[in-house]
Amino acid sequence: FYQHPRVERMLIKCRRILESLFPVYLENPKLLPAAYLRRSEEQGLTRAVCDYVAGMTDRFAMGEYERLFEPTEKV
């Protein structure tokens, strides 16, 4: 596995984003799209949140992180 410092920095950023998003959606399921809310009723909230976060593109996950955690970012 290639361990260039830039790659390592990006992995740290990605981990922080995913570890931040997951509990927010668990604590605030109304932030999920309607399809995932319905799925949570069938499969459980944890599974639905996991599937939602796992399906995010990098760009979308970074945007969600900014919208949720950056005070100057538009909601």
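Here a student and a tutor talk through a predicted model.

Student: Why is serine 20 called buried?

Tutor: Its relative accessible area is 18%, and buried means under 20%, so serine 20 falls on the buried side of the cut-off. Serine 20 sits in helix 1, which covers residues 5–27.

Student: What does the side chain of serine 20 reach?

Tutor: The backbone oxygen of arginine 16, at 2.7 Å. A polar contact needs N or O atoms within 3.5 Å, and this distance satisfies that limit. Setting aside neighbours within four places in sequence, serine 20 is also in contact with Tyr65 and Phe69.

Student: On to the rings. What makes the pair of tyrosine 52 and phenylalanine 60 edge-to-face?

Tutor: The ring centres are 6.4 Å apart, and a pair requires centres within 6.5 Å, so the two rings pair. Their planes stand at 80°, and over 60 counts as edge-to-face, so that label applies. The whole structure has four aromatic pairs, and Tyr25, Tyr36, Tyr52 and Phe60 form one aromatic cluster.

Student: Is tyrosine 52 buried or exposed?

Tutor: Buried: its relative accessibility is 11%, under the 20% limit. Phenylalanine 60, at 33%, lies between 20% and 50%, so phenylalanine 60 is partly exposed.

Student: How do you know that cysteine 14 has no bond to cysteine 50?

Tutor: Their sulfurs are 16 Å apart, while a disulfide needs sulfur atoms within 2.5 Å, so the distance is too far for a bond. The count of disulfides is zero. Cysteine 14 has a relative accessible area of 28% and cysteine 50 one of 30%; both values lie between 20% and 50%, so each residue is partly exposed.

How values were computed:
Residues are numbered from 1 along each chain as its sequence is written. This is a predicted model: local features need pLDDT of at least 70, side-chain atom pairs count only at pLDDT 80 or more; totals for chains, interfaces and linings use all residues. Side-chain values use heavy atoms; hydrogens and water are left out. Helices (H or I, at least four residues) and strands (E, at least two) are DSSP runs, numbered from the N terminus. Buried means under 20% relative accessible area, exposed over 50%, partly exposed in between (1.4 Å probe, protein chains only). A polar contact is a pair of N or O atoms within 3.5 Å; within protein, one must be able to donate a hydrogen and the other to accept it, and residues adjacent in sequence count only if both atoms are side-chain atoms. Contact means heavy atoms within 4.5 Å. Rings of Phe, Tyr and Trp (its six-membered ring) pair if their centres lie within 6.5 Å; planes under 30 degrees apart count as stacked, over 60 as edge-to-face and the rest as tilted.
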